[in-house]
Amino acid sequence: MTKRAASSLPCLQGPAAWNRILPEAPAVDVLCGDIRADVTIIGAGFAGLSAARRLKQIDSTLSVVVLDAMAIADSSAGRNSGFMIDLPHELTSEDYAGAGDDRSLIGLNRQAIAFAGEAVADYQIDANYFDPAGKINGAASAKAEAHNRSYAEHLASLGEDFELLDRTQMRELTGSAHYAAGLYTPGTVMLQPAGYIRGLATGLRRQGVRIFEMSPAMAFSRRGADWQVTTPKGRVSTGKVILTVNGHLESFGFERDRLMQLFLFAVMTPELDAEALGKLGGAPRWGITPSDPMGTTLRRIDTGQGGNRIVTRTCAVLKPDMRLSGRHVARAAAVMQRKFDRRFPQLTGLEMEYKWAGHLCLSLNGVAVLRELEDGVYSGCVQNGLGTARGTLTGIGAAELALGVTSDITRHFGAETRPKKLPPQPFREIGANAVLRWKEWRAAEE
């Protein structure tokens, strides 16, 4: 008998603000008792729900169960910045340019965006939650402007559209004089991530997918021809298991000492009143990623997405044990308050309403884990900080692998090597966090 028990469960500090600013969600449906399914998906984020949709596309008669340890959109899916990016976005590079076959990856990212867009139409998800507005790489320093120019040259070599923005254009867009320049690219979709995930779950339930929240998979084990997945109050007997748990893949004993468990932090303003909006100026919706990947990400949203607010995200910490304390959030929130005040002096002193952490997972060589792990157990994990697009792709791919379907997605990720082995502890945590602090310092203006 093969058994895999979870050594840890999601433990995320602070509220999932994107979820909190939406209307109250329906009561959670907790798994109680024993049930049967053809396929059981563990994890109800971008990857897990995309896998469920793809399974139903391939075979509408399948019985599909999705389990999540938290409420829908309270996990990392409701804690990201909501950028679904089509272009190369390599977080370990100086300017996001990838080192591999960028054209192939751009095509896959656009498949993910198209897949999500079709779900929005099919499930009648609010269009405000899926806004194809594009994004801007903001640059505050001469070095960052050089990063933008380098990236623009790379995009030109790929035949991709972009527009370079000057200081005046950036101020007119954002209301901030902080940015010296920007690089606009049109293909990114700006999500209200919690709204999109909620809508996806609602649509899947209408298709007969059973989604159980607050029902963590504590273990799964082989029982004859089936797998049995155990939760605190129930069990699922299932032919196949798909793991879409990102970094928690390691919790089940897979790829140990090969996955970097990283946490990023964000804050969100209260709803801006008429006076604050008048002081701010600028456009009602926009998204800025920093020209230096270790800089600060900003989003401005409006009432269609949960209120007139600004989201600030920066700071990172490596935690191999996947456990944060409140002091980590407090430290990051103080940094982000200073960065917000620097960018918007007309709103200095505006206290943030929400402060939170989100979990992401990277591999040292930038690969995902999309493969059959054991007989009948499949993985769509390790999103390398690109959870909306990469999570969608690996979810689709895991579903296709489980049903024996070959596609561009399965071929691409199937050709990747395993994640590289990480340095031993304590050097891994100490060294990585020292590098992160140095990179944050170096990217201070950004």
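Two strands pair if DSSP finds at least two bridges between them. Keep that in mind for the first exercise, and remember that this is a predicted model.

**Exercise 1. Work out how β2 sits among its neighbours: which strands pair with β2, and in which sense?**

Step 1. Start with β13. Strand β2 covers residues 33–42, and nine bridges join this strand to β13. The two run parallel.

Step 2. Now try β3. Four bridges link β2 and β3, again in the parallel sense. The cut-off is at least two bridges, so four bridges make β2 and β3 a pair.

Step 3. Pick a residue to anchor the picture. Ile 42 stands opposite Leu 243 in β13, and Ile 42 also stands opposite Leu 67 in β3.

Step 4. Follow the chain. From β2 the path goes through α2 and on to β3, a β-α-β crossover with right-handed sense.

**Exercise 2. Take the salt bridge between Arg 53 and Asp 122 and decide for each partner: buried or exposed?**

Step 1. Check the contact. The side chains of Arg 53 and Asp 122 meet with N to O at 2.8 Å. The pair links distant parts of the chain, with Arg 53 in helix α2 (residues 46–58) and Asp 122 in helix α3 (residues 102–122), 69 residues apart.

Step 2. Apply the cut-offs: buried is under 20% and exposed is over 50%. Arg 53 has 4% relative accessibility, so Arg 53 is buried. Asp 122 comes out as exposed because its relative accessibility is 52%.

**Exercise 3. Do likewise for Arg 20 and Asp 74: where does each lie along the chain?**

Step 1. Arg 20 and Asp 74 form a salt bridge, their closest N and O atoms 2.9 Å apart. Arg 20 belongs to helix α1 (residues 17–20), while Asp 74 is in the loop between β3 (64–67) and β4 (83–84); 54 residues separate them.

Step 2. Now the accessibility. Arg 20 is partly exposed at 41%, whereas Asp 74 is buried at 14%.

**Exercise 4. Which residues make up the salt-bridge network that includes Glu 255?**

Step 1. Begin with one contact: Arg 418 bridges to Glu 255, with closest N and O atoms 2.7 Å apart. Arg 418 lies in the loop between α10 and α11, Glu 255 in the loop between β13 and β14, 163 residues apart.

Step 2. Add the surroundings. Glu 255 is buried at 4%, and Arg 418 is partly exposed at 44%.

Step 3. Follow the shared partners. They join Glu 255, Arg 258, Arg 371 and Arg 418 into one network. The salt-bridge count for the model is 19.

Technical notes
Residues are numbered from 1 along each chain as its sequence is written. This is a predicted model: local features need pLDDT of at least 70, side-chain atom pairs count only at pLDDT 80 or more; totals for chains, interfaces and linings use all residues. Side-chain values use heavy atoms; hydrogens and water are left out. A salt bridge is a side-chain nitrogen of Lys or Arg within 4 Å of a carboxyl oxygen of Asp or Glu. Buried means under 20% relative accessible area, exposed over 50%, partly exposed in between (1.4 Å probe, protein chains only). A crossover is right-handed if, with the strands pointing away from the viewer, the path from the first strand over the helix to the second runs clockwise.
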